[in-house]
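Reader: I like to know what stands behind a label before I use it. Could you walk me through the reasoning for this one?

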2 protein chains.
Amino acid sequence: MTTSMEAPRRTRIQQEKRELILEAALEVFSTNGFRGSTIDQIAVAAGMSKPNLLYYFRRKEDIHETLMQRLLDTWLAPLRELDDIGDPLTELRSYIRRKLEMARDFPRESRLFANEILQGAPRIKPMLEGELKSLVDEKAAVIKGWMRAGKIARTDPWHLIFSIWATTQHYADFDVQVRAVLGTDRGGDGRFEDAARFLEQLFLEGLKPKG
Amino acid sequence: MTTSMEAPRRTRIQQEKRELILEAALEVFSTNGFRGSTIDQIAVAAGMSKPNLLYYFRRKEDIHETLMQRLLDTWLAPLRELDDIGDPLTELRSYIRRKLEMARDFPRESRLFANEILQGAPRIKPMLEGELKSLVDEKAAVIKGWMRAGKIARTDPWHLIFSIWATTQHYADFDVQVRAVLGTDRGGDGRFEDAARFLEQLFLEGLKPKG
DNA sequence: CAAATTTTTGACCGATTGGACAAACGTTAG
DNA sequence: CTAACGTTTGTCCAATCGGTCAAAAATTTG
């Protein structure tokens with residue numbers, strides 16, 4: 001029930017310290033990118049010495065890779081949950097809400113992913129072309145079904161998914177800009193509820209004035 | 001009519017070489033980020049030696065700063081053009097189209113900007129809180145006027161602007177992912193026209209099925 | 001307890017980095 | 001031609017980088 005082949009067989013201390021390092025590395029990598037981050041920064045953030053850190057992860061890349069693998073699992077979970085059962089518009093609305101909640105609750109993960117993609121996805125391109133494409137194609141087919149059934153308006157399902165990704169992750173990746181533009185008053189904690197309300201209207205009804 | 005106080009007084013060679021360097025630096029910075037890029041990479045891309053490059057820009061930061069200043073001018077031009085004259089829906093539609101064209105024609109500039117914001121905008125935060133906020137607030141007021149006049153549906157103008165930024169720049173910043181998901185067939189040159197059609201429908205009519 | 005094992009550290013290494021500098025080279029004006 | 005000025009380069013440097021290693025310290029095991 002846990003996981004997987006080839007048991008890592010780790011001690012209690014290894015478990016804890018590796019977790020500590022990954023937490024610190026998420027913070028550092030997500031704000032400085034891979035090349036912009038140093039092992040020393042991560043070690044300091046994790047409260048240990050550089051050689052000590054390298055005792056748990058032999059190479060800088062190993063930390064990044066581990067982080068990336070974990071990220072991708074949780075990151076695509078909301079899309080996996082998009083289901084054919086239930087009302088299409090409700091289904092889409094909760095997908096948007098879930099994605100927005102992830103941007104609010106896991107902004108560092110979002111930025112880590114954005115950094116990787118921005119730089120051409122050197123480490124995860126195969127996954128994008130394989131696993132991700134399959135998943136999106138599958139869900140696009142579901143959405144197409146809804147369109148054929150007249151449940152939602154006809155459009156391009158792929159670009160629809162892109163637009164949901166873009167609008168929700170924007171609040172994590174461009175957080176500094178969003179805060180700066182909204183100012184201290186509107187840029188406070190309420191901005192995610194405002195965003196949720198806006199996105200719901202945008203995706204459901206668009207901007208055309210009602211009758 | 002050109003510009004500004006404190007004349008740089010540059011020779012013809014200086015003009016040309018500085019331009020060459022900035023072009024090369026845009027390429028390198030936009031794909032590797034500031035810290036991830038080396039002066040040597042830029043020098044090679046510009047076809048000159050590292051000391052030679054440093055003759056034209058004394059520090060790595062100077063190149064980045066110059067690039068950033070130029071970027072911001074052209075980057076906000078479409079929003080500045082958003083005008084109170086003309087039909088609101090048409091006005092918004094052409095703003096979206098212009099932004100999407102910029103993502104298509106200047107993806108490196110978009111990625112350079114995204115890199116800067118992702119890392120907390122250390123170099124341009126004052127500009128975001130000052131110039132950018134003023135501009136957005138001004139345009140938000142224009143949009144609010146349209147809403148009061150019943151020309152477009154009532155929503156949050158700020159988040160509307162964010163969503164336009166997010167959806168259009170997505171095609172530059174996340175280009176690798178978009179291509180990977182669409183595959184070679186749909187990921188070709190037509191993807192920007194597909195995106196334009198989709199975004200137009202999304203922003204005008206949303207997803208609710210017609211009658 | 002003591003032996004075996006795991007964890008931590010200080011010192012160190014070669015490679016790369018941003019940048020300095022003087023000497024060489026090219027260009028142009030008189 | 002030549003002096004003045006602008007351009008280019010090879011060499012060098014100190015700092016930082018990712019990573020190694022042996023030895024010390026802590027922990028677990030018997």
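Author: Sure, here are a few labels and the values behind them, and keep in mind that this is a predicted model.

Reader: What makes the arrangement of chain A and chain B a two-fold one?

Author: Superposing chain A on chain B takes a rotation of 180° with 0.0 Å of shift along its axis, and the RMSD is 0.1 Å. The two copies are therefore related as by a two-fold rotation axis. The residue of chain A that comes closest to that axis is A:Gly206, with its C-alpha at 2.0 Å.

Reader: How do you know that the same surface serves both copies?

Author: Look at the contact residues: 100% of those in chain A recur in chain B. In numbers, 57 residues of chain A are in contact with 57 residues of chain B. H8(A) gives the most to the side of chain A that touches chain B, namely 9 residues. By class, that side has 28 nonpolar, 17 polar and 12 charged residues.

Reader: Why is A:Arg104 called partly exposed?

Author: It's a matter of counting: A:Arg104 has 19 C-beta neighbours inside 10 Å. Buried needs 20 or more and exposed needs 12 or fewer, so with 19 A:Arg104 counts as partly exposed. A:Arg104 is found in helix H5 of chain A. Beyond its neighbours within four places in sequence, A:Arg104 is in contact with A:Tyr171 and A:Phe192. As for A:Asp175, it is 71 residues from A:Arg104 in sequence, but the C-alpha to C-alpha distance is 9.7 Å.

Reader: What puts the buried residues of H2(A) on the same side?

Author: The residues in question are A:Ile42, A:Ala43 and A:Ala46, which are buried in helix H2 of chain A. They cover an arc of only 100° around the axis, so they sit on the same side of H2(A). The buried residues of H2(A) pack against H1, H3 and helix H4 of chain A. Just after H2(A) comes A:Gly47, with a positive phi of about 70°.

Reader: And the DNA: what makes a residue count as near strand C, and which ones are closest?

Author: The C-beta atom has to lie within 6 Å of the strand. For DNA strand C, 18 residues surround it, and the closest are A:Ile13, A:Pro51, B:Thr38, B:Pro51 and B:Lys60. Two or more residues each come from H1 and helix H3 of chain A, together with helix H2 and helix H3 of chain B. By class, the surface near DNA strand C divides into 7 nonpolar, 5 polar and 6 charged residues.

Key
Residues are numbered from 1 along each chain as its sequence is written. Chains are lettered from A and ligands numbered from 1 in the order in which they are written. This is a predicted model: local features need pLDDT of at least 70, side-chain atom pairs count only at pLDDT 80 or more; totals for chains, interfaces and linings use all residues. Two residues are in contact if their C-beta atoms, placed from the backbone, lie within 7 Å. Helices (H or I, at least four residues) and strands (E, at least two) are DSSP runs, numbered from the N terminus. Ala, Val, Leu, Ile, Met, Phe, Trp, Tyr, Cys and Pro count as nonpolar, Asp, Glu, Lys and Arg as charged, and the others, Gly among them, as polar. Copies are superposed by least squares on the C-alpha atoms of residues with pLDDT of at least 70 in both. The arc is that of the directions from the helix axis to the C-beta atoms.
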